[in-house]
Amino acid sequence: MNIRNLTAFAIAIGIAMPIYAAGVTVTDAWVKTTAPGQTTAAAYLQIKSDTPAKLVGASSPAAKIVQIHGMKMQDNVMQMRAISSLDLPAGKTVEFKPGSYHIMLSEINQPLKPGETVPLTLTVEGADKQRQSVEVTAQVRAAATMETHDDMKDTGDMNNMKGMGGGY
Ligand SMILES: [Cu+2]
């Protein structure tokens, strides 16, 4: 029995294939563009599992090393560190975003430009210890995120208000 037949057989007799079993949804996956010579890139996404699960790994053909990174305050400085797994509570969207969790791509093979895509494979482990691979296509986007724009705009507005003596 070849793989395709085996898959069809498994579906036919009601064995849930892992990719369907855990019901993992990944949305809005993107990777920050890189500057020439930059060898690392950060990927962000939102991930939700219908059942209690853990994100236990990630890989990509675009980079030699792919790690899950979290941020931790150390000596009053926010520092990123590799974490071995991240809990995905059932039905709760876990957000990877700038300044928070991210997928760190190290030793990338080539610079990442806007409009390109980066394939990511996430490994998710269910409460039953079964692992599944979740294939994700991340869009490469320019470094300036909406949050950054908003921050800058807010600062400017506040300065203007102060200058005008406005009482908002
Ligand atoms: Cu990092």
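This report describes the fold, core, strand pairing and local backbone features of a predicted model.

**Overall make-up and confidence**

The protein chain contains three helices and ten strands. Read from the N terminus, the order of elements is α-α-β-β-β-β-β-β-β-β-β-β-α. Of the 168 residues in the protein chain, 20% are buried. Among contacts with a separation of 6 or more, 70% are between residues 24 or more positions apart.

The average pLDDT of the protein chain is 80, and 71% of the residues reach at least 70. Residues 13-21 have a pLDDT below 50, and this stretch makes eleven contacts in the model beyond near neighbours in sequence. A second stretch, residues 147-168, also stays under 50 in pLDDT, with four contacts beyond four places in sequence. Where pLDDT is low, the predicted coordinates should not be read in detail.

**The nonpolar core**

The largest nonpolar core has 29 residues. The members that touch the most other members are Ala43, Leu45, Ile103, Leu105, Val118, Leu120 and Ala138. Two or more core residues come from each of β1 (24-32), β2 (40-49), β3 (53-59), β4 (63-74), β8 (102-108), β9 (117-126) and β10 (131-141). The greatest contribution is that of β2, which supplies five residues. In soluble globular proteins, nonpolar side chains tend to be buried together.

Ala138 shows how parts of the chain that are separated in sequence meet in this model. Apart from its neighbours within four places in sequence, Ala138 contacts Ala29, Trp30 and Val31, then Ala43 and Leu45, and also Thr117, Val118 and Leu120.

**Pairing of β1**

Which strands pair with β1, and in what sense? One partner is β2, which runs antiparallel to β1 and is joined to it by six bridges. Within this pairing, Thr27 has Gln46 of β2 as its bridge partner. Another partner is β10, which pairs with β1 in the parallel sense over three bridges. Here Trp30 stands opposite Gln139 of β10.

Gln139 also takes part in a spatial relation with Gly115, a residue in the loop between β8 and β9. The C-alpha atoms of Gly115 and Gln139 are separated by 6.7 Å, although the two residues are 24 residues apart along the chain. Is Gly115 buried or exposed? Gly115 counts as exposed because it has 10 C-beta neighbours inside 10 Å, and a residue with 12 or fewer falls in that class.

**Positive phi in two strands**

Two residues other than glycine have a positive phi. The table lists their phi values with their strands and C-beta neighbour counts.

| Residue | Phi | Strand | C-beta neighbours within 10 Å |
|---|---|---|---|
| Asp28 | about 50° | β1 | 13 C-beta atoms |
| Glu107 | near 55° | β8 | 11 C-beta atoms |

Why do Asp28 and Glu107 fall into separate exposure classes? Asp28 has 13 C-beta neighbours inside 10 Å and therefore counts as partly exposed. Glu107 has 11 other C-beta atoms within 10 Å, so Glu107 is exposed. The cut-off for the exposed class is 12 or fewer.

Asp28 lies in β1, the strand that also holds Thr27, the bridge partner of Gln46. Glu107 lies in β8, one of the strands that give two or more residues to the largest nonpolar core.

Note on methods: Residues are numbered from 1 along each chain as its sequence is written. A nonpolar core is a set of buried Ala, Val, Leu, Ile, Met, Phe, Trp, Tyr and Cys residues joined through C-beta atoms within 7 Å. Helices (H or I, at least four residues) and strands (E, at least two) are DSSP runs, numbered from the N terminus. Two residues are in contact if their C-beta atoms, placed from the backbone, lie within 7 Å. pLDDT is the predictor's confidence in each residue, from 0 to 100. Two strands pair if DSSP finds at least two bridges between them.
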